[in-house]
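Dear colleague,

Please find the structure below, handed over for your consideration. My notes on three of its helices follow it.

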Amino acid sequence: MKRWLWRVAVAAVVAFSGMAAQVVPAGAEPVPGNDREIAVFLCTPSAADCGKRYATAKQRRDVETFLRAMPEVTEVRFVSREASYQALRREFAGKEKVRAKDLPESFRVRVTEAADRRRIATSARSRPGVALVVDQAKQHVEAASPFQLVEVSVFLCMRDAADPGCRHGRGKANKAAATAKEKKAIVAFVERIPGLESYEFEDQKTAYRNFAEMYAANPALVEAVRESDMPESYRLRLRPGVRWGSSRTRLAGMPGVSQVFDYGCRQKDLRLLTEYGLRGIETATKGCE
């Protein structure tokens with residue numbers, strides 16, 4: 001693999017590593033897998049591979065019969081579109097731009113501890129009328145507390161980075177690592193962001209040390225990554241509830257910035273997917289990049 005492609009992959013891992021560290025609050029007890037449901041979301045017109053149609057009543061009955069017939073299944077619970085919509089409105093306080101008709105009906109399935117969850121999920125996904133199956137034991141994401149600070153990573157351009165913003169529009173700095181002049185301008189902008197609580201710079205050495213600690217159980221991955229593969233970044237902490245979409249867009253377009261990763265925003269997107277079966281629609285969380 002070309003080194004710049006490898007760096008793209010590493011940058012993605014670093015971004016999602018920061019998110020993974022926040023998913024479960026510190027000190028939280030791990031949740032046993034069989035205590036998490038398998039969510040079987042039915043077709044809606046906006047879902048892929050559903051022919052722009054809702055699941056029919058017959059398909060819904062067939063899916064339920066199929067699920068209840070599995071010997072490892074201990075409980076099958078139906079969630080109506082209206083019930084899901086009301087739950088979403090309570091959880092997000094009406095902030096998500098979602099209509100009731102956008103939401104899929106679903107079955108929530110509990111299984112025995114010894115069950116092959118992957119096989120059950122794969123089998124359910126193959127049934128007519130099913131749009132998406134999510135094993136919440138694997139995809140579990142804790143909703144961010146309204147009292148937690150919003151974490152944001154601003155990744156800087158690296159030498160020969162593939163990001164368009166790093167390769168064009170920077171004059172002599174095109175295809176080069178973020179310059180001292182660019183970093184100075186980025187810091188000046190960051191310090192004016194409304195709701196900023198604090199920020200810190202993370203150099204390649206620190207980024208690699210944190211990466212190695214997080215993936216200590218995967219020595220092959222750690223060994224394959226070099227310190228020079230790690231992007232420099234600024235780590236921002238914003239007050240909860242702050243609206244900074246316009247600042248995020250401007251920051252992402254600044255010379256020397258590779259990408260801006262908003263972890264709180266991503267957590268909400270994952271929550272919408274895993275609990276409500278929503279993806280690929282216009283919601284208030286659009287623009288997390």
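On one side of helix H10, Ser246, Thr249 and Arg250 are exposed (over 50% relative accessible area, with a 1.4 Å probe and protein chains only; 20% to 50% is partly exposed). On the other side, Ser247, Arg248 and Leu251 of H10 are buried (under 20%). These three cover an arc of only 100° around the axis, which puts them on the same side of H10 (the arc is taken from the directions from the helix axis to the C-beta atoms).

This is a predicted model, in which local features need pLDDT of at least 70 and side-chain atom pairs pLDDT 80 or more, while totals for chains, interfaces and linings use all residues. Residues are numbered from 1 along each chain as its sequence is written, and side-chain values use heavy atoms, without hydrogens and water. Helices are DSSP runs (H or I, at least four residues), numbered from the N terminus.

H10 (residues 245-252) packs with helix H7 (residues 180-190) at an angle of about 180°, their axes being 11 Å apart. The two are therefore roughly antiparallel (an angle over 145 degrees, on a scale from 0 to 180 between N-to-C directions). Ile186, Phe189 and Val190 of H7 make the contact (heavy atoms within 4.5 Å) with Ser247, Arg250 and Leu251 of H10.

Helix H4 (residues 117-125) has Arg117, Ile120, Ala121 and Ala124 buried. These buried residues fall within an arc of 95° seen down the axis, so they line one face of H4. Arg118 and Thr122, on the other side of H4, are exposed.

With kind regards

Terms used. Parallel < 35°, antiparallel > 145°, perpendicular 65-115°, else oblique.
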